[in-house]
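Here is a short briefing to read alongside the model. Please keep the viewer open and follow each topic as it comes up.

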Amino acid sequence: MTPNANFVEVADEELQGSEIQVIKDFAESLDAEVEWTVAGEEQLVAALEDGDLDLVAGGISSKTPWSEKVGMTRPYTTQIDADGQESKIVMLVPPGENAFLVEVERFLDRTQEKP
């Protein structure tokens, strides 16, 4: 998780925000346990590339420069950026993890409003 207002917030060592709940619900649907890692996008993408993480979120724009290095879900929600422009939000997965990417997207399709 990378902190980003509304999507992921760290308060008193607790994670809060809309993407925190989405990921908790996704993990529950897989009967999996979440281990949270909070860092900047660069560190999280490096961990995805190394296979140390399964999913990265934090209000990541579909225009992220990391899309050439890792897998990316279809946009599943939007936000209005500082310039008043609508930005489509995605999650990142390890490169080459097509089956996992499909599983994440199916979950998002079932549970999230379309952007």
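**A buried leucine, and what surrounds it**

Leucine 101 counts as buried, because its relative accessibility is 15% and the cut-off for burial is under 20%. Please keep in mind that this is a predicted model. Leucine 101 belongs to helix H3, and H3 packs against helix H1. Strand S6, for its part, pairs with S3, with S4 and with S5.

**Leucine 101 in helix H3**

- Which residues does leucine 101 contact, leaving aside its neighbours within four places in sequence? They are Met72, Thr73 and Val93.
- Met72 is worth remembering, as methionine 72 also stands opposite leucine 92 in S6.
- For a sense of distance, the C-alpha atoms of leucine 101 and glutamate 14 are 27 Å apart, with their positions 87 residues apart in sequence.

**How H1 and H3 pack**

- Helix H1 covers residues 18–29 and helix H3 covers residues 98–111; they pack at an angle of about 115°, and their axes are 11 Å apart.
- H1 and H3 are therefore roughly perpendicular to each other, as angles of 65 to 115 degrees are classed that way.
- The crossing of H1 past H3 is right-handed.
- On the H1 side, the contact is made by Val22, Asp25, Phe26 and Ser29, while H3 brings Phe100, Glu103, Val104, Phe107 and Leu108.
- Sorted by class, this contact of H1 with H3 has 6 nonpolar residues, 1 polar residue and 2 charged residues.

**Strand S6 and its partners**

- Is S6 largely enclosed or open? Strand S6 (residues 86–93) has 6 of its 8 residues buried, so the rest of the structure largely encloses it.
- Strand S3 (residues 56–61) runs antiparallel to S6, and 3 bridges join them.
- Within that pairing, valine 56 stands opposite leucine 92 in S6, and serine 61 stands opposite isoleucine 89 in S6.
- S3 is likewise largely enclosed by the rest of the structure, because 5 of its 6 residues are buried.
- Strand S4 (residues 71–72) is antiparallel to S6 as well, with 2 bridges joining them.
- Strand S5 (residues 77–80) pairs with S6 in the antiparallel sense over 4 bridges.
- Along S5, threonine 77 stands opposite isoleucine 89 in S6, and glutamine 79 stands opposite serine 87 in S6.
- Two residues of S6 come up repeatedly here: leucine 92 has valine 56 opposite and also methionine 72, and isoleucine 89 has serine 61 opposite and also threonine 77.

**The hairpin of S5 and S6**

- The hairpin of S5 and S6 has 5 residues between the strands, and glycine 84 there takes a positive phi near 80°.
- Aspartate 83 also sits in the loop between S5 and S6.
- Is aspartate 83 buried or exposed? Aspartate 83 is exposed, because its relative accessible area is 67% and the cut-off for exposed is over 50%.
- From C-alpha to C-alpha, aspartate 83 and asparagine 6 are separated by 17 Å, and they lie 77 residues apart along the chain.

**Two buried loop residues**

- Threonine 64 lies in the loop between S3 and S4, and its relative accessibility of 6% means that threonine 64 counts as buried.
- What does threonine 64 touch, not counting residues up to four places away in sequence? Its contacts are Glu41, Met72 and Leu92.
- Met72 is thus a contact of threonine 64 and of leucine 101.
- Leucine 53 is in the loop between helix H2 (41–49) and S3, and leucine 53 counts as buried because its relative accessibility is 13%.
- Not counting residues up to four places away in sequence, leucine 53 touches Thr37, Leu44, Ala47, Leu48 and Pro94.
- One of these contacts can be placed by distance: the C-alpha atoms of leucine 53 and proline 94 are 7.4 Å apart, although the two residues are 41 residues apart in sequence.

Methods: Residues are numbered from 1 along each chain as its sequence is written. This is a predicted model: local features need pLDDT of at least 70, side-chain atom pairs count only at pLDDT 80 or more; totals for chains, interfaces and linings use all residues. Side-chain values use heavy atoms; hydrogens and water are left out. Axes are lines fitted to C-alpha atoms, for helices over the stretch in contact, and angles run from 0 to 180 degrees between N-to-C directions. Angles under 35 degrees count as roughly parallel, over 145 as roughly antiparallel, 65 to 115 as roughly perpendicular and the rest as oblique. A crossing is left-handed if the near helix is turned anticlockwise from the far one by less than a right angle, and right-handed if clockwise. Contact means heavy atoms within 4.5 Å. Ala, Val, Leu, Ile, Met, Phe, Trp, Tyr, Cys and Pro count as nonpolar, Asp, Glu, Lys and Arg as charged, and the others, Gly among them, as polar. Buried means under 20% relative accessible area, exposed over 50%, partly exposed in between (1.4 Å probe, protein chains only). Two strands pair if DSSP finds at least two bridges between them.
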